[in-house]
Amino acid sequence: MIRTHPDVADVAVYGVPHPRWGEVVHAAVVLAPGAQVSPRQLMLFLRGRIADYKVPVGYRFVDSLPRNPTGKVLRRVLRTEDRGGAASYHRRPRAPPASSPDRPDAQMIGHRPPDTSPGVGVDQDGEVAEPCPGAQVGGR
């Protein structure tokens, strides 16, 4: 969708690890010759065209995208380069709610967040409970 912007020549979208959300979306953008566009302009361009969670939170403007011999974009190279903090952020993922144990100021004594892995639960004592024998784990 970013590629439809008139100032964008090429783009690659990839996930970057995030401690709370698992992954967040980032974009490496190659601008058209002589074009000038900001990350905010790209973000506003995407609003209303795609779902909010699909709009990249980080943008990096590059001269070219790394590709393999067959022409496929090497997203793993982009992820590795992005860990150096080169992306330009224009919005952050929402902060956890005030009652969340991930917030340092939360006043929740004895609270342990449940494990959200498929087939794993938490019993009354807050201990991880193993799935029942024969339970279908991760299936639909």
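Let me start at valine 8, which in this predicted model stands opposite leucine 31 of strand β2. That pair belongs to a longer arrangement, in which strand β1, residues 8-18, and strand β2, residues 22-31, run antiparallel to one another and are joined over 10 bridges. With 3 residues between them, β1 and β2 form a hairpin.

If we now follow β2 to its other partner, we come to strand β3, residues 58-61, which pairs with β2 in the parallel sense over 4 bridges. On this side, alanine 27 is the residue that stands opposite tyrosine 59 in β3. Between these two strands the chain passes through helix α1, residues 39-46, and β2, α1 and β3 together make a right-handed β-α-β unit.

For orientation in the whole chain, there are 2 helices and 6 strands, and read from the N terminus their order is β-β-α-β-α-β-β-β. Of the contacts between residues at least 6 apart in sequence, 52% join residues that are at least 24 apart.

Let me turn to the interior. Of the 140 residues in the chain, 28% are buried, and the chain exposes about 9,900 Å², with carbon and sulfur atoms supplying 50% of that area. As a general point, nonpolar side chains in soluble globular proteins tend to be buried together. Here the largest nonpolar core has 12 residues, among them Val8, Ala27 and Tyr59, which I have already mentioned, as well as Ile2, Val29, Leu42 and Phe45. Strands β1 and β2 and helix α1 each supply at least two residues of this core, and α1 gives the most, with 4 residues. Which residues does leucine 42 touch, once its neighbours within four places in sequence are left aside? Leucine 42 is then in contact with Ile2, His5, Val8, Val29, Val37, Tyr59 and Phe61. Apart from the largest core lies another one, of 9 residues, which includes Val16, Ala28, Val30 and Leu78.

The last topic is charge, where the count comes to 3 salt bridges. In one of them, the side chains of arginine 3 and aspartate 10 meet at 2.9 Å, N to O. The two partners are placed rather differently with respect to the surface, since aspartate 10 is buried at a relative accessible area of 17%, while arginine 3 is partly exposed at 47%. Aspartate 10 also meets the side chain of arginine 67 in a salt bridge, at 2.4 Å, N to O. This second pair links distant parts of the chain, 57 residues apart, with aspartate 10 in strand β1 and arginine 67 in the loop between β3 and α2. Arginine 67 is partly exposed, with a relative accessible area of 39%. Taken together, Arg3, Asp10 and Arg67 are linked in a network of salt bridges.

There is also a salt bridge between glutamate 81 and arginine 60, whose closest N and O atoms are 3.3 Å apart. Glutamate 81 lies in helix α2 and arginine 60 in strand β3, so this pair ties together parts that are 21 residues apart in sequence. Which of these two partners is buried, and which is partly exposed? Arginine 60 is buried, with a relative accessible area of 8%, whereas glutamate 81 is partly exposed, with a value of 39%.

Methods. Residues are numbered from 1 along each chain as its sequence is written. This is a predicted model: local features need pLDDT of at least 70, side-chain atom pairs count only at pLDDT 80 or more; totals for chains, interfaces and linings use all residues. Side-chain values use heavy atoms; hydrogens and water are left out. Two strands pair if DSSP finds at least two bridges between them. A crossover is right-handed if, with the strands pointing away from the viewer, the path from the first strand over the helix to the second runs clockwise. Buried means under 20% relative accessible area, exposed over 50%, partly exposed in between (1.4 Å probe, protein chains only). Contact means heavy atoms within 4.5 Å. Accessible areas come from the Shrake-Rupley method with a 1.4 Å probe; for residues, only the protein chains shown count as cover. A nonpolar core is a set of buried Ala, Val, Leu, Ile, Met, Phe, Trp, Tyr and Cys residues joined through side-chain atoms within 4.5 Å. A salt bridge is a side-chain nitrogen of Lys or Arg within 4 Å of a carboxyl oxygen of Asp or Glu.
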